[in-house]
Amino acid sequence: VAPAPQPFERILQNTQALMACKAPHSAQIVLSRFGPAPGPQRRTWLLLSWQAANEALDHAGATLALRRLVDGNLAMLDNELLTVGYSEDGLPLTRNALDLFVEHEIALGHPDEAAMVLMAGGNQQEQNVGLGSRRLALLADLLAKLDDDQITTLLEAALDRAAVDEAWGLAE
């Protein structure tokens, strides 16, 4: 007979303890036994799911958690900062979720998907010119790895987006 489900707080404690012990695969197993309904618990669960998958180098699991975090609207990842570690002072080190998603897609061997996601971002590029420049350089590298049909599709999508945003300089 299966035991009664544990309360969400206990699942969080167990997951955090496993992560502290450098056992992200075990943390993923604990998290997979629970699926909260939409709301604050689900957000916390998805962030922990991403963290465990990220530390376990489970790129497919990490991208799935991030997709679910924004309900499939990948452009919204540009508004999320995720904790990727802690400084010597104990302060959290954060990175942009969209950039992390792109890295996971590249690791999975999906340069076309990574390029589409890079083009979906935008808010942070406008606020941080350095970030925008790095993204454009990465996008150029990704395009070089694609075949002509994939490049044409991505360029058409970029032009359509630029037209919607009335960003004609960017389109050029």
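**Helix α5 and selected loops in a predicted model**

Read along the sequence, this predicted model runs α-α-α-α-β-β-α-α-α-α-α-α.

User: How many helices and strands are there in the chain?
Analyst: The order of elements is α-α-α-α-β-β-α-α-α-α-α-α. Counted by type, the chain holds ten helices and two strands.

User: What percentage of the residues in the chain is buried?
Analyst: Buried means under 20% relative accessible area. The chain has 172 residues. The buried part of them comes to 33%.

User: Is H104 buried or exposed?
Analyst: H104 sits in helix α5, residues 97-107. Its relative accessible area is 4%. The cut-off for burial is under 20%. H104 is therefore buried.

User: Which side chain does the side chain of H104 make a polar contact with?
Analyst: H104 belongs to α5. Its side chain has a polar partner at 3.0 Å. That partner is the side chain of H59.

User: Why is α5 largely enclosed by the rest of the structure?
Analyst: The buried residues of α5 are A97, L98, D99, L100, F101, V102, H104 and E105. The helix has eleven residues. It is largely enclosed because the buried ones number eight.

User: Which residue caps the N-terminal end of α5?
Analyst: The backbone nitrogen of L98 has a side-chain oxygen 2.8 Å away. The residue that supplies this oxygen, and so caps the helix, is N96.

User: What is the phi of G109, the glycine that follows α5?
Analyst: α5 covers residues 97-107. G109 comes after the helix and has a positive phi. The value is near 85 degrees.

User: Where does K22 lie, and is K22 buried or exposed?
Analyst: K22 is not a glycine, yet its phi is positive, near 60 degrees. K22 lies in the loop between α1 (8-20) and α2 (24-32). Its relative accessibility is 67%, so K22 counts as exposed.

User: What is the relative accessibility of D71?
Analyst: D71 also has a positive phi, near 50 degrees, and is a residue other than glycine. D71 is in the loop between α4 (59-69) and β1 (81-86). D71 counts as exposed, with a relative accessibility of 73%.

User: Which residues form the negative surface patch?
Analyst: One member, D147, is in the loop between α8 (129-144) and α9 (148-165). D147 counts as partly exposed because its relative accessibility is 41%. Patch residues need over 30% relative accessible area. The full set is D112, D147, D148 and D149.

Technical notes. Residues numbered from 1 in each chain as written. Predicted model: local features only at pLDDT ≥ 70, side-chain atom pairs only at ≥ 80, totals over all residues. Heavy atoms only, no water. Patch = residues over 30% accessible without salt bridge, like charges linked within 9 Å, V, L, I, M, F, W, Y side chains within 5 Å. Areas by Shrake-Rupley, 256 points an atom, 1.4 Å probe, with all protein chains shown as cover. Salt bridge = Lys/Arg side-chain N within 4 Å of Asp/Glu carboxyl O. Lys, Arg positive; Asp, Glu negative; His and termini not counted. Charge placed at Lys NZ, Arg CZ, Asp CG, Glu CD. Helix = DSSP H or I, 4+ residues; strand = E, 2+ residues; numbered from the N terminus. Buried < 20%, exposed > 50% of the residue type's maximum accessible area, 1.4 Å probe, protein only. Polar contact = N/O pair within 3.5 Å; in protein donor to acceptor, adjacent residues only side chain to side chain.
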